[in-house]
Amino acid sequence: MKNQMTQKIALTGLMAALSYVVFTFLQIKIQLPGGDATSIHLGNAVCVLGALLLGGVYGGLGGAIGMTIGDLLDPQYIIYAPKTFILKFCIGLITGLIAHKLGKISSETDNSKVLKWTIFAAICGLGFNVIFDPLFGYFYKLFIIGKPAAEVTLAWNIASTSINAVTSAIVSVLLYMALRPALRKAGFQL
């Protein structure tokens, strides 16, 4: 039991590092009015992949920690770090809950069922983000940061979050389905 916990913590750290690298170095940053920015990235794909591999809590923590560190180290995003942590953790929780608790992908042997639940879980986790990232971001900018340009950036944030969700869903499901047989063969507890 102790070995399995150590393995999950180590893999959570690996997911955090991977989400940081993907979010920070493989992004297309879009400058917005008022000195704000949004970006197209695959950091959310790592968060979803982590939730599919490790479960919602550990996968969500890995994605949330990695992308929050990315925000903290970028002067333009530093003020959004708390929002990032909350939202990315929720992506992982929702994805993991649906995939593991409802779909039981850890014990399922029928790959077509695993694929269906994996797709559904990724869509639900990232769908949450498509709705709540722009909404939470709008209120965060308006009331906490006091940026009057919150309305101007809302449309851009909806667009970039939607693009990120579609690409992240595709990438995370493809990676999970490709990694799953090899990890199971190696004795990794999915």
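**Exercise 1. Determine whether Asp133 and Lys88 are buried or exposed, and establish how their side chains are related.**

Solution. In this predicted model, Asp133 and Lys88 are both buried. Their side chains form a salt bridge with an N to O distance of 3.5 Å. This value satisfies the criterion, which requires a side-chain nitrogen of Lys or Arg within 4 Å of a carboxyl oxygen of Asp or Glu. Asp133 belongs to helix H5 and Lys88 to helix H4, so the salt bridge ties together parts that lie 45 residues apart in sequence.

**Exercise 2. Identify the network that salt bridges with shared partners form around Asp133.**

Solution. Begin with the other partner of Asp133: its side chain also meets that of Lys83 in a salt bridge, at 3.2 Å from N to O. This pair connects distant parts of the chain, with Asp133 in helix H5 (residues 111–145), Lys83 in helix H4, and their positions 50 residues apart. Next, consider accessibility: Asp133 and Lys83 are both buried. Finally, return to the pair of Asp133 and Lys88, whose side chains meet at 3.5 Å. Through shared partners, the salt bridges join Lys83, Lys88 and Asp133 into one network.

**Exercise 3. State how many salt bridges the structure holds, and describe the one between Lys29 and Asp74.**

Solution. The count is three salt bridges. In the pair of Lys29 and Asp74, the side chains meet at 2.6 Å, N to O. Lys29 is in strand S1 (residues 28–31), whereas Asp74 is in the loop between helix H3 (56–72) and helix H4 (81–102); the two are 45 residues apart. To classify each residue, apply the 20% and 50% limits of relative accessible area. Lys29 has 32% relative accessibility and therefore counts as partly exposed. Asp74 has 15% and therefore counts as buried.

**Exercise 4. Describe the crossing of helices H1 and H3, and give the classes of the residues in their contact.**

Solution. First, take the geometry: the axes of H1 (residues 2–25) and H3 come within 7 Å and cross at roughly 40 degrees. The crossing is right-handed. Second, examine the contact: the residues contributed by H1 include Met5, Ile9, Thr12, Ala16, Tyr20 and Phe23. Among their counterparts in H3 are Tyr58, Leu61, Gly62, Ile65, Gly66 and Ile69. Third, sort the contact by class: eleven residues are nonpolar, seven are polar and two are charged. Glycine falls in the polar class under this scheme, and Gly62, Gly63, Gly66 and Gly70 of H3 take part in the contact.

Notes:
Residues are numbered from 1 along each chain as its sequence is written. This is a predicted model: local features need pLDDT of at least 70, side-chain atom pairs count only at pLDDT 80 or more; totals for chains, interfaces and linings use all residues. Side-chain values use heavy atoms; hydrogens and water are left out. Helices (H or I, at least four residues) and strands (E, at least two) are DSSP runs, numbered from the N terminus. Buried means under 20% relative accessible area, exposed over 50%, partly exposed in between (1.4 Å probe, protein chains only). Axes are lines fitted to C-alpha atoms, for helices over the stretch in contact, and angles run from 0 to 180 degrees between N-to-C directions. A crossing is left-handed if the near helix is turned anticlockwise from the far one by less than a right angle, and right-handed if clockwise. Contact means heavy atoms within 4.5 Å.
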